[in-house]
Amino acid sequence: MFSAADHEFMARALRLAEGGLFSTSPNPRVGCVIVKDGCVVGEGWHVRAGEPHAEIHALGTAAMKARGAAVYVTLEPCSHHGRTPPCAEALIAAGVGRVVVAMQDPNPQVAGKGLAQMRQAGIQVDCGLLANEAQELNIGFVARMTRARPWLRMKLAASLDGKTALVNGVSQWITGPAARHDGHRWRARACAILTGIGTVRDDDPQLNVRGVDTSRQPLKVVVDSRLELPLDAKLLRAGGVLVAAAVEDAARFAALRERGAEVVFLPGPGGKVDLSALLAELARRGVNEVHAEAGFKLNGSLLRAGLVDELLLYLAPCLIGDTARGMFNLPGLDSLDGKRGLVIRDARMVGVDLRLLARFS
């Protein structure tokens with residue numbers, strides 16, 4: 001069904017889509033290539049929400065050469081009016097001859113309607129080329145659209161004996177500078193960075209993206225059941241903070257609001273924040289990917305709730321000792337039959353540290 005040339009041009013469209021890796025939220029990352037007589041005559045990608053989509057950029061560069069051309073796009077062209085007009089209609093108006101789509105849009109507002117609209121207009125439409133690669137690029141968008149919950153990636157930095165901090169909470173720095181810079185790139189692609197009040201007390205993190213060229217900062221989310229967040233915490237200095245609480249305290253709510261933070265009341269069992277409700281709230285706000293950098297208690301709670309999709313683990317070539325803090329606060333097992341399996345999807349050296357990307361099997 002698909003030729004070698006089809007694969008080449010779709011791969012090019014996927015590379016273009018990566019240009020929006022840090023900036024398209026809450027929209028998906030999309031690339032588009034227009035080809036006529038075997039030559040690229042137009043291309044583009046979606047840069048950020050509210051601006052023209054990839055197809056419109058590509059059509060703009062192709063101009064009249066788009067008539068009768070083949071279009072390679074990494075996600076089904078939209079068929080509805082949002083902040084921008086429908087791309088399916090633009091492709092029809094341009095008179096393109098064929099549209100090759102990597103994957104159908106999981107957004108219920110589209111979900112095949114764009115494909116049907118173009119086919120009804122007489123355009124040859126082929127879907128499914130490099131679909132897995134396209135889905136990986138928009139794993140958070142797909143998660144939000146199909147299950148009303150963001151993709152949660154948990155980042156950990158640990159010693160080879162699995163320790164993330166000393167018994168007194170000190171953790172800076174276990175890994176080297178290359179791994180820390182790489183971690184900021186993962187922060188930059190996320191829509192929100194999630195941590196707990198314990199990490200704020202121990203490390204006083206800024207919880208932002210540094211050393212990476214990005215046009216936006218992710219939302220900073222703090223799980224703070226009893227509203228103990230210090231008003232002089234570094235993460236409050238630049239705004240963009242959401243505090244999830246399990247108690248109602250009008251005075252603390254007001255004080256945090258004066259510091260630029262928003263507080264949501266999401267009580268759960270045992271006086272804790274309802275983490276499932278928090279992720280649902282983030283999805284409602286258009287958050288596709290959550291990057292969790294927390295302590296072993298919140299890490300364990302997220303795992304026990306079944307909310308973690310992926311582990312991003314940096315292992316440093318060092319040993320810290322048995323009394324140091326582990327990665328997760330999880331109950332012990334009586335049998336190995338209860339162990340949770342993982343699939344290692346990527347393993348590579350980042351400076352002196354080993355980086356593993358793993359998903360639950």
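Two strands count as paired if DSSP finds at least two bridges between them. Keep that handy for the exercises below, and remember that this is a predicted model.

**Exercise 1.** Work out which strands pair with β14, and in which sense.

*Solution.* Start with strand β12 (residues 310-316): it pairs with β14 in the antiparallel sense over six bridges. In this pairing, leucine 312 sits opposite leucine 357 of β14. Next take strand β13 (residues 342-350), which is also antiparallel to β14, over eight bridges. Here isoleucine 344 has alanine 358 of β14 as its bridge partner. Now look at the β13-β14 hairpin: two residues lie between the strands, and glycine 351 takes a positive phi near 65 degrees. Finally, check burial: six of the eight residues of β14 (residues 353-360) are buried, so the strand is largely enclosed by the rest of the structure.

**Exercise 2.** Find what the side chain of arginine 144 has for polar company, given that arginine 144 is buried yet has no salt bridge.

*Solution.* First locate arginine 144 in helix α6 (residues 139-147). Then check charges: the nearest side chain of opposite charge is aspartate 105, 8.9 Å away, while a salt bridge needs the atoms within 4 Å. Turn to polar atoms instead. The side chain of asparagine 288 makes a polar contact with that of arginine 144 at 2.6 Å, and the backbone oxygen of proline 26 is 3.0 Å from a polar atom of the arginine 144 side chain.

**Exercise 3.** Decide whether asparagine 299 is buried or exposed.

*Solution.* Find asparagine 299 in helix α11 (residues 296-304). Its relative accessible area is 1%, so asparagine 299 is buried. Its contacts beyond four places in sequence include Met154, Leu156 and Phe328.

Conventions: Residues are numbered from 1 along each chain as its sequence is written. This is a predicted model: local features need pLDDT of at least 70, side-chain atom pairs count only at pLDDT 80 or more; totals for chains, interfaces and linings use all residues. Side-chain values use heavy atoms; hydrogens and water are left out. Helices (H or I, at least four residues) and strands (E, at least two) are DSSP runs, numbered from the N terminus. Buried means under 20% relative accessible area, exposed over 50%, partly exposed in between (1.4 Å probe, protein chains only). Lys and Arg count as positive and Asp and Glu as negative; His and the chain ends are not counted. A polar contact is a pair of N or O atoms within 3.5 Å; within protein, one must be able to donate a hydrogen and the other to accept it, and residues adjacent in sequence count only if both atoms are side-chain atoms. Contact means heavy atoms within 4.5 Å.
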